[in-house]
Amino acid sequence: TALTLGNAALLRTGAYIDGRWDDAGSGTFDVHNPATGALVGSVARHGAAAASRAVEAATTAQVAWAARSAGDRAVILRRWHDLMLANADDLARLMTAEQGKPLAEARGEIAYAASFLLWFAEEARRVYGMVIPGNTPTRRLTAIRQPVGVAAAITPWNFPAAMITRKVAPALAVGCAVVLKPSELTPLSALALAALAEEAGVPAGVFNVVAGDAEAIGDVLTRDPRVRKFSFTGSTAVGKMLAARCMETVKRVSLELGGNAPFIVFDDADVEAAADGAMASKFRNTGQTCVCANRFLVQDGIYDAFAEALARRVSALRAGDGLAGVTDQGPLINQAAVEKVVRHRDDALARGARVLAEGQVAAGEGDGNFIPATLLGDVPADALLTREETFGPLAGLTRFAREADAIRMANDTPAGLAAYLYTADGARATRVGERLEYGMVGLNTGIISTEVAPFGGIKESGFGREGSVFGIDDYVSIKLLAAEIA
Ligand code: ADP
């Protein structure tokens, strides 16, 4: 590869199957730096055969892995966590090279990703069952939790490390084995994690990574009857299609799909705090997160002040190559992403919106997928920008008059992942928070993600929860032991 790291063992270009590195795919595929277009590396292109071998290896390895004590498994996960932190600088540079996010954000993601390994190492020892009072004097009823078996995971490019660990950590912690297909746009981060898993002592076959032909690999992972659990993070269209296929063999499914997050600012909100929260929610990862604010609903009385506070902050954002120096915004992942943002901006302008502020793009970034951060005002509620997930650094403000209007507008979407609201009125925060049809609601905060809290959506944003004590549930089945003692 073109990138040099302090720990060269992290640069892997093959699949990781049954504890072995397999570089013999059918050709290779290239990974490019979205900030410069430069080649970062070429990875072996694997398909259905490699995916089947990985499922086979996982099926065999899972039995012995599940038979070990939770404490044993926890020691290994904790070691994997420690290795991630010890290699954080290299992992962050690798991530910025293939994904584009500013280096400081990549470092933050490595710490966040590692936190799931530690959290689930701890949680796995508390996968308690329940003793149920019998329905007759001679009945003894016990419910126990057991690992579902082989879990398959398909993950996206926007968080190349964290989307992996928050599936793999709970799975391994409870005794499942995993076959992962990472995004072909960011496979190097996934393979680096596999290298560290190997070093940490994760047994052969317990964690496998296969990339290349997404459709062929996905076909195996959704159809093979040995796969008992399928966990997907990505676009709503692909998630629906893969989940439907999983029903042919009735797999357990978790889906974390697209959002359309409303960010509601009430008249009584602290303007500066709301603008800070808006920046964190909207522009983190250059707007490429599924919980990014996608629509700003701002009450009439605070509209001008909030617009001014946000415009000041947006104008100060600098986009640039995260590896080249200090930057607040990276490039978008590819040209299609840039085109979508442009389409949403032009559509809003054609419907009467106005540009309130634009950020800067560092000189010399002409080859990257850059677009300046942009703030629009007077965006009508029927603009594309407010109806579809933009997934880029474009923010639009829409006015509302009354609390009930804000709730109605916020809920007027098939998505239901994250929502945010700012108000100084505690009763209103709770009242509105309860009525928003979303899996997560930020009350006076723009940041809701932590390994200790449940992450996930409702409606067409999916089901299942990642992180927290609930994150275990997606990887265990409940078994009843009904004993007759007469
Ligand atoms: P995004 O917009 O985040 O790229 P996608 O849903 O396209 O969303 O990608 C998320 C993950 O789903 C990636 O790992 C991608 O390779 C995978 N993927 C996309 N299409 C398919 C498919 N037809 N079969 C299997 N995996 C797919």
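**Reading Thr236 and its surroundings**

Modeller: Thr236 is partly exposed, because 18 other C-beta atoms lie within 10 Å, where 20 or more would make a residue buried and 12 or fewer exposed, with C-beta atoms placed from the backbone. This is a predicted model, in which local features need pLDDT of at least 70 and side-chain atom pairs count only at pLDDT 80 or more, while totals for chains, interfaces and linings use all residues. Residues are numbered from 1 along each chain as its sequence is written.

Biologist: In which helix is Thr236, and which residues does Thr236 touch?

Modeller: Helices are DSSP runs (H or I, at least four residues), numbered from the N terminus, and Thr236 belongs to helix α8, residues 236–246. Two residues are in contact if their C-beta atoms lie within 7 Å; leaving out residues up to four places away in sequence, Thr236 touches Leu257, Gly258 and Glu460. The C-alpha atoms of Thr236 and Leu257 are separated by 4.9 Å, although these residues are 21 apart along the chain.

Biologist: Which residues come nearest to the ligand?

Modeller: A residue is near a molecule if its C-beta atom lies within 6 Å of it. Of the 14 residues around the ligand, Pro156, Gly218, Gly234, Ser235 and Val238 come nearest, and α7 (214–223) gives the most to this shell, with three residues.

Biologist: How many residues are in the largest nonpolar core?

Modeller: A nonpolar core is a set of buried Ala, Val, Leu, Ile, Met, Phe, Trp, Tyr and Cys residues joined through C-beta atoms within 7 Å. The largest one has 90 residues, and Leu117 is among those with the most contacts inside it; helix α4 (residues 103–123) supplies the largest share of this core, eleven residues.

Key. Helix = DSSP H or I, 4+ residues; strand = E, 2+ residues; numbered from the N terminus.
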